[in-house]
Amino acid sequence: GRLDALIDQVLALSRLQGRAPPARVPVDLAALLAEVVDDARYEAGPAGKRVTLAADALTVAGDDALLRSAFDNLVRNAVEHTASTVHVTVRAAAGRAIVTVTDDGPGVPADALPRLFAPFYQVPGRAGRGSGLGLAIAARAVELHDGTLAAAAAEGGGLAVTATLPA
């Protein structure tokens with residue numbers, strides 16, 4: 001099963017690497033993230049973890065499935081590494097949609113931050129369930145929407161990953 005999941009992720013990343021920008025339709029970002037967060041809550045609950053959402057009503061032009069995949073990867077990654085709570089926020093700033101996913105886990109060493117979105121990269125010494133492809137897939141999906149993805153240390157510990165998209 002793990003090998004099948006790895007193959008699926010490798011193929012998904014390969015398809016995204018050569019893909020032209022997607023057709024753009026209006027996507028209700030707050031509603032999309034509400035669905036992603038609801039799914040994550042279902043998985044996080046048995047582990048005693050919480051996922052919160054604070055979202056401004058925003059619409060972006062994009063591919064719903066591709067954006068859902070990107071944010072699903074970001075939120076699931078945060079749930080895996082958080083100690084107790086993942087916060088997802090959506091806000092507008094200067095004509096952009098800013099989506100931030102913050103966890104309260106152990107964080108990531110500063111020297112690892114620039115490599116987090118590289119395919120197959122995993123933070124040294126971190127035993128995770130993943131293959132190091134989820135964040136690379138998310139980064140490429142955001143890039144295809146003329147956006148950026150950045151990671152930084154979160155206030156008080158943990159990691160904050162911020163996606164910026166044209167609103």
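**Exercise 1. Which strands does helix H2 lie across, and at about what angle does H2 run to E2?**

Preliminaries: this is a predicted model, in which local features need pLDDT of at least 70 and side-chain atom pairs count only at pLDDT 80 or more, while totals for chains, interfaces and linings use all residues. Residues are numbered from 1 along each chain as its sequence is written, and side-chain values use heavy atoms, with hydrogens and water left out.

Solution. Step 1: helices (H or I, at least four residues) and strands (E, at least two) are taken as DSSP runs, numbered from the N terminus, and the chain holds 4 helices and 7 strands. Step 2: contact means heavy atoms within 4.5 Å, and axes are lines fitted to C-alpha atoms, for helices over the stretch in contact, with angles from 0 to 180 degrees between N-to-C directions. Step 3: on these terms H2 (residues 29-44) lies across E2, E4 and strand E5 (96-103), and H2 runs at about 170° to E2.

**Exercise 2. Determine which residues of H2 are buried and what they pack against.**

Solution. Step 1: buried means under 20% relative accessible area, exposed over 50%, and partly exposed in between (1.4 Å probe, protein chains only). Step 2: the buried residues of H2 are Leu 29, Ala 30, Leu 32, Leu 33, Val 36, Val 37, Ala 40 and Ala 44. Step 3: these residues cover an arc of only 155° around the axis, which puts them on the same side of H2; the arc is that of the directions from the helix axis to the C-beta atoms. Step 4: the elements that the buried residues of H2 pack against are strand E1 (25-28), E2, strand E3 (59-62), helix H3 (64-81), E4 and E5.

**Exercise 3. Reconstruct the order of the open sheet and the sense in which its strands pair.**

Solution. Step 1: two strands pair if DSSP finds at least two bridges between them, and 5 strands form an open sheet of mixed pairing in the order E2-E4-E5-E7-E6. Step 2: strand E2 (50-55) and strand E6 (148-153) are the edge strands, each pairing on one side only. Step 3: E2 and E4 run parallel and are joined by 6 bridges, one of which can be traced through Ala 54, whose bridge partner in E4 is Thr 89. Step 4: E4 and E5 pair in the antiparallel sense over 8 bridges, and in their hairpin, which has 2 residues between the strands, Ala 94 takes a positive phi near 50°. Step 5: E5 and E7 also run antiparallel, joined by 7 bridges, and the bridge partner of Thr 100 in E7 is Thr 162. Step 6: 6 of the 8 residues of E5 are buried, so this strand is largely enclosed by the rest of the structure.

**Exercise 4. Is Thr 85 buried or exposed, and with which residues is Thr 85 in contact?**

Solution. Step 1: Thr 85 lies in strand E4 (residues 85-93). Step 2: Thr 85 counts as buried because its relative accessibility is 10%. Step 3: leaving aside neighbours within four places in sequence, Thr 85 is in contact with Arg 50, Thr 52, Thr 102, Asp 103 and Asp 104. Step 4: the side chains of Thr 85 and Ser 84 are joined by a polar contact of 3.4 Å, where a polar contact is a pair of N or O atoms within 3.5 Å; within protein, one must be able to donate a hydrogen and the other to accept it, and residues adjacent in sequence count only if both atoms are side-chain atoms.
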